[in-house]
Amino acid sequence: MELGSVLEFLENKTILVTGATGFLAKIFVEKILRVQPNVKKLYLLLRAADAKSATVRFHNEIIGKDLFRVLKEKNGTHLNALISEKITLVPGDITREDLGVKDSNLREEMWNKLDVVINLAATTNFDERYDVALDLNTFGAKHVLNFSKKCAKLIVLVHVSTAFVWGEESGMLYESSFNMGDTLNGASGLDIDVERKVVEQELNELQAEGASEEAITLAMKDLGIKRAKIYGWPNTYVFTKVMGEMFIEHLKENMSVAIVRPTIITGTYKEPFPGWAEGIRTIDSLAVGYGKGRLTCFLGDVKGIVDVIPADMVVNAIVVAVVAHAKQPSDVNNIYQVGSSLRNPLIYTNLQDYAYRYFTKKPWINKDGKPVKVGKITVFHNMASFYRYMTVRYILPLKGLELANAAFCKYFQSKYNDLNRKINFVMRLVELYRPYLFFGGIFDDKNTEKLRLVAGDNGVETDIFYFDPKCIDWEDYFINTHIPGIVKYAFK
């Protein structure tokens with residue numbers, strides 16, 4: 001593996017970024033424009049019907065975000081000229097052949113000019129509708145690969161997946177690929193085309209029965225979980241992502257491809273400034289629920305490791321992987337797990353302590369303008385003890401309140417609704433995150449570490465493209481950067 005200057009490599013390169021309105025994609029675009037404004041062109045694929053709606057999405061969901069304030073300060077009045085010159089918006093849809101790009105001239109232009117493709121398009125909802133997740137995460141990956149094959153001068157395709165394609169496996173989880181039809185539990189019969197037929201059949205039956213859109217959505221969510229569990233995966237998200245990887249590995253032929261598998265992605269560590277976040281991502285649901293006083297108990301292994309990695313480090317790893325795999329043979333090690341559990345593990349109990357200390361010092365202000373007082377969370381070490389606690393403490397009182405509410409003409413309706421919301425919130429979080437609350441896996445990152453070492457030895461600008469989790473002080477990061485960031489940006 002040979003590496004040189006990343007900044008030199010990026011100069012005059014033409015790059016396609018799919019899923020351009022997504023969290024990582026925005027950080028990627030900002031980074032490239034800020035550190036290498038001499039990039040030739042960034043084509044940004046946005047789900048949009050036409051150029052006008054793509055422009056609206058770009059300004060509202062990308063360049064209008066606070067994330068770009070450093071770039072705006074750096075370029076001042078020249079920013080619009082930079083964007084006009086360097087960015088081409090591509091209305092499209094990765095769930096369709098040729099990425100749904102209707103403009104034939106634009107398609108041909110990309111096929112003739114693209115050097116690099118970064119596939120960041122995905123749905124990350126654990127309980128997404130199966131039809132939606134299959135289209136985006138699985139067949140979307142196939143469509144991006146097929147589009148890339150038509151690019152005459154393409155150097156490399158980087159496909160961004162997730163380390164949790166390993167499901168609930170424990171022990172050391174290696175940077176190895178999945179072959180078509182592989183399963184985690186040894187079950188046979190996984191066929192991606194059959195999965196699509198199962199979805200189509202279910203949809204046809206529901207529509208024939210006259211099911212409502214809400215009923216169809218619930219049925220599709222249930223189907224995704226059911227199909228995932230048949231083959232050993234805990235949820236629709238990771239199941240559809242691993243099938244996307246299968247397509248990439250099976251169909252890549254001689255193309256140079258790298259697959260980047262981040263773990264749980266958190267707010268930025270350093271660039272363009274510390275703490276930028278968007279939306280509520282996995283562990284952030286727990287932190288915010290706790291800060292709002294809605295999360296007083298939970299379950300899990302308090303001594304277990306939670307593998308998180310800041311978003312800017314993931315983006316830096318993606319960029320360095322691009323350079324490392326430029327015109328490399330397709331059979332070289334091409335999977336990079338980007339996380340912290342091996343190099344700098346974070347323990348669940350420490351995470352709870354950081355949230356307690358932050359919200360004690362800077363309490364959440366509720367809708368009545370009063371600070372929310374937080375306390376230590378009651379943690380249960382197995383599902384049975386958790387359900388017993390929930391039943392005695394909340395579910396039985398809720399049933400009693402329901403009866404009293406009916407007897408007194410809904411006098412207690414507000415109190416009933418509030419308690420019901422809290423219970424539903426906790427139970428939903430438990431169900432969604434249960435596979436990871438007792439997660440016993442450690443993500444090997446030999447390939448990623450090799451990438452770091454080679455970068456350090458070969459003149460790569462490691463101060464700009466840093467992605468070593470060893471440099472993170474978790475206490476400082478969570479208390480002074482990440483939690484303040486989600487409070488400021490995710491709930492802005």
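By class, the lining of the largest cavity comprises 17 nonpolar, 3 polar and 2 charged residues. The model described here is a predicted one, and this cavity is one of 3 cavities of 30 Å³ or more that the structure holds.

## Internal cavities

The largest cavity encloses about 320 Å³ of space, and its lining is made up of 22 residues, with L286, Y348, L351, Q352 and I377 lying nearest its centre. Several elements contribute to this wall: α11 (283-291), β9 (297-299), α13 (348-361) and α17 (474-490) each supply at least two of the lining residues, and among the contributors α11 gives the most, with 5 residues.

The second largest cavity has a volume of about 50 Å³. Its lining consists of F164, I264, I305, V306, D307, Y348, Y436, F439 and F443, which by class amounts to 8 nonpolar residues, no polar residues and 1 charged residue. Y348 is named both among the residues nearest the centre of the largest cavity and in the lining of the second largest cavity.

| Cavity | Volume | Lining by class |
|---|---|---|
| Largest | about 320 Å³ | 17 nonpolar, 3 polar, 2 charged |
| Second largest | about 50 Å³ | 8 nonpolar, no polar, 1 charged |

## Two enclosed strands

Strand β1 (residues 14-18) has 5 of its 5 residues buried, so this strand is largely enclosed by the rest of the structure. The side chains alternate in direction, with T14, L16 and T18 pointing one way from β1 and I15 and V17 pointing the other way, and all of them are buried. The partner of β1 is strand β2 (residues 41-47), to which β1 is joined by 4 bridges in a parallel arrangement, and within this pairing V17 stands opposite L44 of β2.

Strand β5 (residues 156-160) likewise has 5 of its 5 residues buried, and it is therefore largely enclosed by the rest of the structure. Both of its faces are covered, since V156, V158 and V160 on one side are buried, as are L157 and H159 on the other. Strand β4 (residues 116-119) runs parallel to β5 and is joined to it by 4 bridges, with I118 standing opposite V158 of β5.

## Buried polar side chains in loops

D93 lies in the loop that connects β3 (87-92) with α6 (104-113). Its relative accessibility is 15%, and because buried means under 20% relative accessible area, D93 counts as buried. The side chain of D93 makes a polar contact with the side chain of R47, at 3.3 Å, and R47 falls within the span of strand β2 (residues 41-47), the strand that is paired with β1.

S256 is placed in the loop between α10 (236-251) and β7 (257-262). With a relative accessible area of 5%, S256 is also buried, and a polar atom of its side chain lies 2.4 Å from the backbone oxygen of H325.

## Cysteines

A search of the whole structure finds 0 disulfides. Two of the cysteines illustrate contrasting surroundings: C151 is buried, with a relative accessible area of 6%, whereas C471 is partly exposed, with a relative accessible area of 44%. The value for C471 places this residue between the two cut-offs, because partly exposed covers the range between under 20% for buried and over 50% for exposed.

Notes: Residues numbered from 1 in each chain as written. Predicted model: local features only at pLDDT ≥ 70, side-chain atom pairs only at ≥ 80, totals over all residues. Heavy atoms only, no water. Buried < 20%, exposed > 50% of the residue type's maximum accessible area, 1.4 Å probe, protein only. Polar contact = N/O pair within 3.5 Å; in protein donor to acceptor, adjacent residues only side chain to side chain. 1 Å grid on protein atoms, 1.4 Å probe; cavity = no way out; pocket = protein on both sides within 12 Å on 5 of 7 lines; lining within 4 Å. Points joined across faces, edges and corners; volume = space filled by probe spheres on them. Nonpolar A, V, L, I, M, F, W, Y, C, P; charged D, E, K, R; others polar. Disulfide = S-S within 2.5 Å. Pairing = 2+ DSSP bridges.
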